[in-house]
Amino acid sequence: MLKEKAVAWVEGNADTLTSIAQQIWENPEEVLKENFACALQKEYLKKQGFEITTNEKIPTAFVASFGSGKPVLGVLGEYDALKNLSQAVSAERRPIKEGGLGHACGHNLLGTGCLGAAMAVKTLIESGDLKGTIRYYGCPAEELLVGKTLMAQAGMFADIDAALTWHPSSVTMPWAGSLLSLYSAIFTFKGIASHAGSAPHSGRSALDAVELMNVGANYMREHILDQNRIHYIITNGGAEPNTVPAEAAVWYNVRAPKKSIARDTFKWLTEIAHGAAMMTQTKLAEIKIISGCYELLSNQTLIKVIEKNMREVGPPKFNDEDRAFAKQISQAYDKIAKEKGLESNFIPMSFMDSYLHEGIEPPHDCGRSLKASSDVGDVSWIAPLAMFGAAAFPLGTQAHTWQATASTGSGLGFHAMHFASKVLACSLIDMYTDPAILEAAKAEFAKETTGKKYVPVFEENIV
């Protein structure tokens, strides 16, 4: 009966949840500047009786709590958007604002779906049907992979017993595998300016150092694990070609299945940077750590709870309009692009001729890592955590594309979000009512972490 009540709450408040997600979609904001989304969710939860806690060092982060005592269970929300991915709800490329922001990862849905689950559980705690504390975490800057890291550093997750979350995807499936750990840093070189035409011999090019560093990094690729990822952009290449650049900078991301491997690769990259400076007689002036995150530690005990509730709730309830839109989006991809989109997300090739996933898949990622990263990984090393994907995009659609932005503002995304709220709420109910679940989850967590203490990247002696 408790789960039925939770599901009924979500269904009865579906329009409210859709409105919140729609407003956030219509007002996309970049990392650490999510003022509209943060205020909207805080105001709503405060009116519903949640106690709101903030941190002045992270203005767009907050914790909303209801209830008292143990267990303390959390759901992790997000609400930041991506640059240059503005898009109308259309199957053709049609930016709402040229060069503008867009919710191409579906964080407007992610956060609001978690908020809905927290609200459904809150009503049961309020009625006396459940005992304990429910928390909704408003987390900024996931796209920079720094929001939850900063929150963890501030101790905002220190006393939770477990946490759950979800993510928009193109297939509805528990995520039993992992995500890649990451180090992100900007390398700044200083040289000597000079006239590039009449006196290049008097200058020392910081851009030369950047380019030689990039060459070295690309040669390093041959000697690292296949699962590792290295990517970069030059953020400062000088002012004009007629002047030898006195300053230049390059921004690197280094990813690996394990944080220890990412750390070793990053250290090698710093050695390459020092070598580039020596070769060009420039100076490596600064290595600025931007962010870093742990690999995702999926708690298999909680994954089983999620999968059970996904099947009990049933798949997202799409309508004919959703199906037609999914077909339009999917047909915009050629066969090779769609196939790659399926393979990279561990989706069976049997789905190749489908447009929209309307079932529930068992995990296909056990023992493997998606080639993406999330600061959710940091929280998974603080307390037991599990997450799942829900089909908010047509099959084969990749996140961080305009097609994803179109989907997250459509019925596709909203119906996936309602499903996610129900699954999260029902899974939380199991965790509140069956102490054996949390005991098993904590025992698994202790075994997997082997007593390793969580250390935020900003407290590491990495450079």
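Let's start with strand 10 (residues 247-256), which is mostly covered: 8 of its 10 residues are buried. Keep in mind that this is a predicted model.

**The sheet around strand 10**

Strand 10 belongs to an open sheet of 4 strands, and the order across that sheet is 9-10-8-11, with antiparallel pairing. At the edges you'll find strand 9 (229-236) and strand 11 (283-293); each has a single partner strand, so one side of each is left without a neighbour in the sheet. Going from one strand to the next, the twist averages 20°.

What holds strands of a sheet side by side? They pair through backbone hydrogen bonds, either parallel or antiparallel. Here are two of the pairings in this sheet, both involving strand 10:

| Strand pair | Sense | Bridges |
|---|---|---|
| Strand 9 and strand 10 | antiparallel | 7 bridges |
| Strand 8 and strand 10 | antiparallel | 10 bridges |

You can pick out individual partners too. Tyr232 stands opposite Tyr252 in strand 10. For Ser181, the bridge partner in strand 10 is Ala256.

**Helices lying across the sheet**

Which strands does helix 6 (residues 206-220) lie across? Look for strand 8 (181-190), strand 9 and strand 10. Helix 6 runs at about 20° to strand 10. Helix 7 (residues 259-280) lies across strand 8, strand 9, strand 10 and strand 11, and it runs at about 10° to strand 8.

**Helix 2 and its two faces**

Now hop over to helix 2 (residues 14-26). At 1.5 Å a residue, its 13 residues should span 18 Å, and its end C-alpha atoms are indeed 18 Å apart, so the two values agree.

Which residues of helix 2 are buried? They are Ala14, Leu17, Thr18, Ile20, Ala21, Ile24 and Trp25. Look down the axis of helix 2 and these buried residues fall within an arc of 160°, so they line one face of the helix. Turned away from that buried side is a face carrying the exposed residues Asp15 and Glu26.

And what do the buried residues pack against? Their partners are helix 1 (2-12), helix 3 (35-47), helix 4 (107-126), helix 12 (402-408) and helix 13 (411-433).

**Helix 13, one of those partners**

Helix 13 is worth a look of its own. Of its 23 residues, 20 are buried, so helix 13 is largely enclosed by the rest of the structure. The length check works here as well: at 1.5 Å a residue, the 23 residues should span 33 Å, and the end C-alpha atoms of helix 13 are 33 Å apart, which agrees.

Conventions:
Residues are numbered from 1 along each chain as its sequence is written. This is a predicted model: local features need pLDDT of at least 70, side-chain atom pairs count only at pLDDT 80 or more; totals for chains, interfaces and linings use all residues. Side-chain values use heavy atoms; hydrogens and water are left out. Helices (H or I, at least four residues) and strands (E, at least two) are DSSP runs, numbered from the N terminus. The expected span of a helix is 1.5 Å times one less than its number of residues. Buried means under 20% relative accessible area, exposed over 50%, partly exposed in between (1.4 Å probe, protein chains only). The arc is that of the directions from the helix axis to the C-beta atoms. Contact means heavy atoms within 4.5 Å. Two strands pair if DSSP finds at least two bridges between them. Axes are lines fitted to C-alpha atoms, for helices over the stretch in contact, and angles run from 0 to 180 degrees between N-to-C directions.
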